[in-house]
Amino acid sequence: MKVFGLSREQILRLFESSEITFAVYGLGKMGLPLAAVIADKGGKVIGVDVNRNVVKDINMGLCHVMGEPGLAEMVALNVENGRLTATDNPVKAAEDSDVMIILVPTFLDEMNNPDLSIIRSVSKSISRGLTHDSLVITESTLPPRTTSDVILPILLESGLGIGDFGLSHCPERTMSGRAIHDITGAYVKIVGGIDAKSTETAASIYSRINSKGVIKVSDTTTAEAVKVFEGVYRDVNIALANELAIICQELGIDAVEVFNTANTQPYSHLHMPGCGVGGHCIPVYPYFIIKTVKSPTRLLSLSRQINDSMAEYTVSLVERGLKDAGMEITGSNVLVMGVAYRGDVEETRCSPAIPVIGLLKRKGARVFAYDPLLGNRVEDFNAEFRPLEDISDIDAVIIVSDFKEFRTIDWGKLNLRQKIIVDGRQIVDPEEIQRLGFIFYGIG
Ligand SMILES: NC(=O)c1ccc[n+]([C@@H]2O[C@H](COP(=O)([O-])OP(=O)(O)OC[C@H]3O[C@@H](n4cnc5c(N)ncnc54)[C@H](O)[C@@H]3O)[C@@H](O)[C@H]2O)c1
């Protein structure tokens, strides 16, 4: 049943009684949890993906997205009850749906310009299948103005005009590993439409999905900026923390102690420093601004530069540690702990481990890696796999990601050739580790 312009009560009733068909474009780490949650709340969902294996798996009730508590069960249940199906036919999915949600990836090209090719391609398919009174929602993170200046013109190629269909931006505000929790109500949903009717319709839909409710903002560009600015804030704040942590090193004081104490005052929100910023969000979103606006973006660019330079700083600490032990980095054996961009996930996109490994190799070190979730897949990142039981030829250890498991390691029992540790994530207790005879350098 078409929903554009219906009252909140009508939409909630139709949603609950499975009379609204949703198409979710992109069944990845974010799209599949969203599709499953909508089906679970009563929607009929057609998941659309270009990857035929994904489509096949989902139609068999199988879940290809790992590490999301409750997702596999939710997918199986809703495929079984017929509310969730998948297809690789994007135009037919649009023809058969009332609400189309775009949740495909947005990348950067090699010059760090936003690559919107997938967004454009999906929008074209939706445009070809677009019918009167449908609602199109963009959830992918987008450079501000994309929904109004890129997607809307493509949808208008359908021959329908503004007011014939709805278009809203409702950004995904989720983290891998907690998608269902986040989608269903960890934080409010942001909703901005190209017109009031689009905003109201999308707000009604999300009020059923998200128990925390929605914040309606002025338009799609405002909603896009909310999501991108959240990421920019974190990138800039981490750059500040990184710079201050290096200053603390010079001053001979503990940055974490300073930051935590400073943050007891309500106007200070210093983030934690580290050996780099990874994942496909925080290091990417600043470029959605830097590369698309005419206004100066000095702080954003500098923050990117500072955060990217932390890999080099980390390797410089390894060199210092080796030097303290009378060794050179060339010819040394270095173990990188954690190849994922953060602890307890398998995601490796933009992981700081990648430049750290590259720099170590360029300086002539032999690089090994241990990651609790990736196992021997660390070898895809140009390092040799090494479990912690087999490190008797290792000269220096670098902690790159904050895996919980690393906090419980009995460092005194590790059989290392040289006891040198560089902690990029505040995992070890500096005093304790030095008491165990380690040469220690840390960030923070
Ligand atoms: N993963 C996160 O933690 C996270 C958090 C917040 C926001 N986001 C945003 O969510 C969006 C999606 O990210 P993700 O992590 O789910 O990506 P992903 O790489 O896990 O999945 C993307 C899916 O889209 C499919 N796809 C690619 N091209 C397609 C097309 N033309 N038509 C249909 N399907 C297509 C792929 O096959 C894949 O299954 C991105 O814009 C991202 O910025 C992600």
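This text follows one residue, E139, and then turns to the ligand and the residues around it in a predicted model.

E139 sits in the loop that runs between strand β7, residues 135-138, and helix α7, residues 146-156. Although E139 belongs to a loop, the residue is buried, because its relative accessible area is 0%, and buried here means under 20%. Within this setting the side chain of E139 forms a polar contact with the side chain of K189, at 3.1 Å. K189 also appears among the residues in contact with E139 once the neighbours within four places in sequence are set aside. The other residues on that list are L34, I101, I102, L103, H169, C170, P171, E172 and Y206.

The ligand has 26 residues around it, of which K29, M30, D49, T174 and Y285 come nearest. Sorted by class, this shell comprises eleven nonpolar, ten polar and five charged residues.

Which atoms of V104, T141 and H280 lie close to polar atoms of the ligand? For V104, a backbone N or O atom is 3.4 Å from an oxygen atom of the ligand, and for T141, a polar backbone atom is 3.2 Å from a ligand oxygen atom. With H280, by contrast, the side chain takes part, since one of its N or O atoms lies 3.0 Å from a nitrogen atom of the ligand. Taken on its own, the ligand has 840 Å² of accessible area, and the protein covers 87% of that area.

Conventions:
Residues numbered from 1 in each chain as written. Predicted model: local features only at pLDDT ≥ 70, side-chain atom pairs only at ≥ 80, totals over all residues. Heavy atoms only, no water. Helix = DSSP H or I, 4+ residues; strand = E, 2+ residues; numbered from the N terminus. Buried < 20%, exposed > 50% of the residue type's maximum accessible area, 1.4 Å probe, protein only. Polar contact = N/O pair within 3.5 Å; in protein donor to acceptor, adjacent residues only side chain to side chain. Contact = heavy atoms within 4.5 Å. Near = heavy atom within 4 Å. Areas by Shrake-Rupley, 256 points an atom, 1.4 Å probe, with all protein chains shown as cover. Nonpolar A, V, L, I, M, F, W, Y, C, P; charged D, E, K, R; others polar.
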